[in-house]
Each structure stands twice: as C-alpha cells, then as structure tokens.
Amino acid sequence: MIDRRTFLGTIGAGFLVASLVARAQRVAKIYRIGFLSLRAGPAAQDEAFVQGLRDLGYTIGRDIIIEYRWADNDSARLRPLAEDLVRLKVDVIVASATPAIRAAMRATTTIPSVMATSPDPVGTGVVANLSHPGGNVTGVSIQASDLAAKRVQILREIVPGLTRVAFLGQTGPRVAQSQNQGAAQIIVAEARAAGRQMGIDVRAHIIIDADELPGTFAAIKHEDSQAVFVQVGPLTYEHRRTIVAMAARGRLPDMYEIRDFVDAGGLVSYGPDAQERYRRAASYVDKILKGASPANMPIEQPTKFELIVNLKTAKALGLTIPQSLLLRADEVIQ
C-alpha cells in the first residue's frame, strides 16, 4: 500500500520528468535554413552569415542545418532550386541578390524569406515599402542605386578631365520579361542623372554571360571611355579577377561597389561592408525563428560606407590620388 507522501513524490517526479522531456524536445528543435544564390558557390560573405548565426548562439548542425542551393550563374535554375527548398519545408529561405529573391517569391508566399542583399528592393518590385514590407520577404538593402551618383563623383575626383564613364552591369535573360526594372537599369539611370549634372556621359554595357567580357571591354575602349564603374552581382563577383585584369590591360581606372574587387587589384570601391550585410541577415533569421513576422520587419539599409583605395593600382595607371580623397578613405592599400 502506497502512503500519501510516496504517492505525491511519485506524482512530483512524474511532472519533473515530463517537464525535462518537454524542455529537451524544445532544445532539440533543429531549424532548417534554405540558402539560395545565383552564384556558382560560396563566397566570404556566406561565411559571415554563418558566423552571424554562431554569434547569436546557434550551432550549425545542432540547432541549424543550412541547405545551400547554387544556380551556377544560370537564372533559369533558380526557380526549381527554390521549389526544392519549399518541398524540404525549410523554416526560412535566405536569398542572395534580386534574381534569387524573385525565385523564392515565386516559389512560396508563406515561408519567410530574408534578403541577404538587394540593390533596390522597392525599385525592383520585391517589396512595396521599406518600413513595412507587408509580405513574406524582408532583409537587407545595399542602396546601390542611391550610391551610384557618389561613385561617379569619386571617379571624377580621381580622373582629371573625366567626361565619359562606362558602366558594366549584369542581368539575366528573365529580367527583360519582368514588369519591374532590373537592378542594373536602375543603377544606370541614377548614374546617368548624376553624370549629366557633372558633364559626364555614362555608357551602359549590360552582360548576361562571362563570355561577353572580352568584347565588352573592347567596346568600352573603342568608345573612348576614361573609366569603368562595375556593378557587383553573382556573375561579376565570380569573375572579379578577370574584370580587374581587363580593366588594368585597358588602363581603365575602375570603380566597384564592394572592396573584394579592390583586394583583387581594382582601383577603388565605395559602399557598405558586404560581410556585415550578411551578418545582419543572420539577425533577421534569428528574429523570424523566434516568432517575428517578416511583414512587420523593416528593410534594413546600411548606415556606414567604406571607401577603399588601391595606391599600387593607381601608380600602375599613372594616377595621383588627391590627398583629400586619401584622407577620407577607410583603407589605403599600398
């Protein structure tokens, strides 16, 4: 016969065991993150995203599994890759660059999607409003179009008598079919508007494939452009060393949106820190996993921009960088 204290102790132990089991089940929850990119493979900023998750307390493989999907610079592959992530029932899709974001939007309207980077999410039709996205997409913008004027201005400071700049951008075969402008077209419009005020003619060269690069640089030289401004994208990023080398052979002062191109030998870059944007994307994922709705999460825009100058490249081009610009630079590569 069980006395009252034994009975209550048994009940209490049962509750304790149940509580511990429930807690263990909650702790054992493994989130599945889909990572969709037009690129052919990982880049430094992808590791920054993973590090951002670690900094927030997640352990990859224990708390989070990341399902990577690379489109190998083929925009036609993005849609089936996005649909594959939906079939896996991932908790969140992280999309890198506008084509990947669009593919995620077409594949699902319910799974939250986080933009790791977007040049102009309103202008490209990804969201209607930066402060209140309203759908299942939120994340980080890089303000590429807003900064185009500043980049042209910096080139004017570097190149004496600058009157003609070539813009090298990338697009995909599907962009022209969209009702919304592609990022390259938006940046070109901004750069041209700024150029007109400075007396600078901006000529656009938009490529789809890396095979077009030699012919494009030949055309840039033929039109007597005095400098080149390169849009960052999955294609141009993967072939950044080729682009930098072609600009050097053509003795073209080159401006980029992120420092990775300058680290590869380019002349100058001005823009937000690419790795910091991906770390910030991790914070969006964290908030969504904790119950936040992407519809109510404002799109984050960068507040700090870095100017990187490569003096070695400047000397090779026979350019003297103004002291006023060097004093403003966040880093000067000797």
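A polar contact is taken here as a pair of N or O atoms within 3.5 Å, where, within protein, one atom must be able to donate a hydrogen and the other to accept it, and where residues adjacent in sequence count only if both atoms are side-chain atoms. The structure is a predicted model, in which local features need pLDDT of at least 70 and side-chain atom pairs count only at pLDDT 80 or more, while totals for chains, interfaces and linings use all residues. Residues are numbered from 1 along each chain as its sequence is written, and side-chain values use heavy atoms, with hydrogens and water left out.

The secondary structure of the chain comes to 13 helices and 12 strands, these being DSSP runs numbered from the N terminus (helices, H or I, of at least four residues; strands, E, of at least two). Of the 334 residues in the chain, 52% are buried, where buried denotes under 20% relative accessible area, exposed over 50%, and partly exposed the range in between (1.4 Å probe, protein chains only). With a contact defined by heavy atoms within 4.5 Å, residues 24 or more positions apart account for 71% of the contacts in the chain with a separation of 6 or more.

Helix H11 (residues 274-289) has at its start a polar contact in which a side-chain oxygen of Asp 273 comes to within 2.9 Å of the backbone nitrogen of Gln 275. The expected span of a helix is 1.5 Å times one less than its number of residues; for the 16 residues of H11 this gives 22 Å, which agrees with the 23 Å between its end C-alpha atoms. The buried residues of H11 include Ala 274, Arg 277, Tyr 278, Ala 281, Ala 282, Tyr 284, Val 285, Ile 288 and Leu 289. An α-helix has 3.6 residues a turn, so residues three or four places apart point the same way. Among the elements that cover the buried residues of H11 are helix H2 (44-55) and the strands E1 (31-37), E2 (64-70), E3 (92-96), E4 (113-117) and E5 (137-139). H11 is followed by Gly 291, for which phi is positive, near 110 degrees.

A total of 20 salt bridges is found in the structure, each requiring a side-chain nitrogen of Lys or Arg within 4 Å of a carboxyl oxygen of Asp or Glu. In one of these, the closest N and O atoms of Glu 157 and Arg 328 are 3.0 Å apart; Glu 157 lies in helix H5 (residues 144-158) and Arg 328 in helix H13 (residues 323-328), so that the pair ties together parts 171 residues apart in sequence. Glu 157 is partly exposed at 26% relative accessibility, as is Arg 328 at 39%. Arg 259 is paired with Glu 331 at a closest N and O distance of 2.8 Å, and because Arg 259 lies in the loop between strand E9 (254-256) and helix H10 (260-263) whereas Glu 331 lies in strand E12 (residues 331-333), this salt bridge ties together parts 72 residues apart in sequence. In a further salt bridge, Arg 280 and Glu 300 have their closest N and O atoms 2.9 Å apart, linking H11 to the loop between H11 and strand E11 (306-310) across 20 residues. Arg 280 is partly exposed, with a relative accessible area of 27%, and Glu 300 likewise falls in the partly exposed class, at 24%. Arg 32, Glu 67, Arg 69, Asp 84 and Arg 87 are linked in a network of salt bridges.

Nonpolar cores were defined as sets of buried Ala, Val, Leu, Ile, Met, Phe, Trp, Tyr and Cys residues joined through side-chain atoms within 4.5 Å. The largest holds 34 residues, of which Ile 154, Ile 158, Phe 229, Leu 267, Val 268, Leu 307 and Ile 321 touch the most other members. Elements giving two or more residues to this core include H5, strand E6 (164-170), helix H6 (183-198), strand E8 (227-230) and strand E10 (268-271). Another core, of 26 residues, lies apart from it, and includes Ile 207, Val 230, Phe 261 and Val 262.

Two polar side chains in buried positions were also examined. Arg 240, in helix H9 (residues 240-249), is buried yet has no salt bridge, the nearest side chain of opposite charge being that of Asp 260, 5.1 Å away (Lys and Arg count as positive and Asp and Glu as negative, with His and the chain ends not counted). The side chain of Arg 240 does reach the backbone oxygen of Tyr 237 at 2.8 Å. Asn 136, in the loop between E4 and E5, is buried with a relative accessible area of 12%, and its side chain reaches the backbone oxygen of Ile 111 at 2.8 Å, while the backbone oxygen of Thr 108 lies 3.3 Å from a polar atom of the Asn 136 side chain.
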